[in-house]
Amino acid sequence: KDAATNPRGIPYAPFVDKVEDYVSSRAEVDGTMKSFQEMISKYQFMEVNTQRRTAGLKEKIPDIQKTLEMVLFLQSRKPGSDAIETTFELNDTLYAKALIPPTDEVYLWLGANVMLSYPVAEAETLLESKLSTAQQSLENCEEDLDFLREQITTLEVATARVYNWEVTMKRKDKSEHGEEDAKGETKRVLPNG
């Protein structure tokens with residue numbers, strides 16, 4: 001059967017209400033605990049990857065916004081207006097001065113050392129689309145992080161319940177064996193007495 005998942009396909013952790021539904025004897029406890037620990041590890045792995053993705057998006061979104069603002073500024077300039085002198089970043093610590101005349105095209109870095117020329121209006125559309133996609137991805141990542149934390153907690157509670165059930169069964173077995181031994185000793189004592 002298909003397990004229930006969140007919108008991005010991350011499966012829900014099993015909720016253990018009655019331990020007997022998952023474990024019928026003490027012999028099954030180790031396998032169940034190991035299974036729960038494996039699921040916790042998988043969720044933690046997904047959590048770390050999602051945190052990395054979230055951090056990347058939080059870094060990327062301001063860059064896209066800044067680029068979009070610049071494209072909108074260039075688009076607002078009238079043909080025939082004076083060139084603007086500006087300083088732009090070449091590297092983290094290296095800046096250069098440039099004169100920017102009114103223009104109807106811009107060059108955008110697409111990544112992997114690729115830069116393309118776009119008409120200003122097309123660049124605006126592309127950047128708005130990229131910004132919207134990045135913001136939606138960030139929302140999804142934050143939602144997934146909450147979901148993953150919830151699943152990890154659910155499995156930790158399930159693990160504790162199975163462990164406590166095993167401890168209770170051990171005590172119950174111990175007390176039953178203790179009573180049998182006491183009854184057996186009493187029976188042996190009576191015939192001799």
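This section describes the strand pairing, nonpolar cores, surface patch and loop geometry of a predicted model.

Two helices contribute to the main nonpolar core. The largest such core comprises 18 residues, and within it Tyr43 and Val162 have the most contacts. Helix H1 (29-76) and helix H2 (120-192) each provide at least two of the core residues. H2 accounts for the largest share, with 8 residues. A second core, separate from this one, contains 16 residues, among them Leu68, Leu74, Val120 and Leu138.

The surroundings of Tyr43 were examined further. When neighbours within four places in sequence are left aside, Tyr43 is in contact with Ile10, Pro11, Tyr12 and Ala13, and also with Leu148, Gln151, Ile152 and Leu155. One of these partners, Gln151, lies in helix H2. Gln151 has a relative accessible area of 2% and therefore counts as buried, the limit being under 20%. With its neighbours within four places in sequence again excluded, Gln151 contacts Pro11, Tyr12, Ala13 and Tyr43. Pro11, Tyr12 and Ala13 thus appear in the contact lists of both Tyr43 and Gln151.

Strands S1 and S2 form an antiparallel pair. S1 spans residues 84-89 and S2 spans residues 95-100, and 6 bridges join them. The connection from S1 to S2 is a hairpin of 5 residues. Across the pair, Glu85 is positioned opposite Leu99 of S2. Strand S1 also contains Phe88, whose relative accessible area of 35% makes this residue partly exposed. Together with Leu90 and Leu94, Phe88 makes up a nonpolar surface patch of about 280 Å².

Positive phi values were found in the loop between strand S3 (105-111) and strand S4 (114-119), where Ala112 is located. Ala112 is not a glycine, yet its phi is positive, at about 50°. Asn113 lies in the loop between S3 and S4 as well, and its phi is near 60°, again a positive value in a residue other than glycine. Both residues are classed as exposed because their relative accessible areas, 77% for Ala112 and 76% for Asn113, meet the criterion of over 50%.

Methods: Residues numbered from 1 in each chain as written. Predicted model: local features only at pLDDT ≥ 70, side-chain atom pairs only at ≥ 80, totals over all residues. Heavy atoms only, no water. Pairing = 2+ DSSP bridges. Helix = DSSP H or I, 4+ residues; strand = E, 2+ residues; numbered from the N terminus. Core = buried A, V, L, I, M, F, W, Y, C linked by side-chain atoms within 4.5 Å. Buried < 20%, exposed > 50% of the residue type's maximum accessible area, 1.4 Å probe, protein only. Contact = heavy atoms within 4.5 Å. Patch = residues over 30% accessible without salt bridge, like charges linked within 9 Å, V, L, I, M, F, W, Y side chains within 5 Å. Areas by Shrake-Rupley, 256 points an atom, 1.4 Å probe, with all protein chains shown as cover. Salt bridge = Lys/Arg side-chain N within 4 Å of Asp/Glu carboxyl O.
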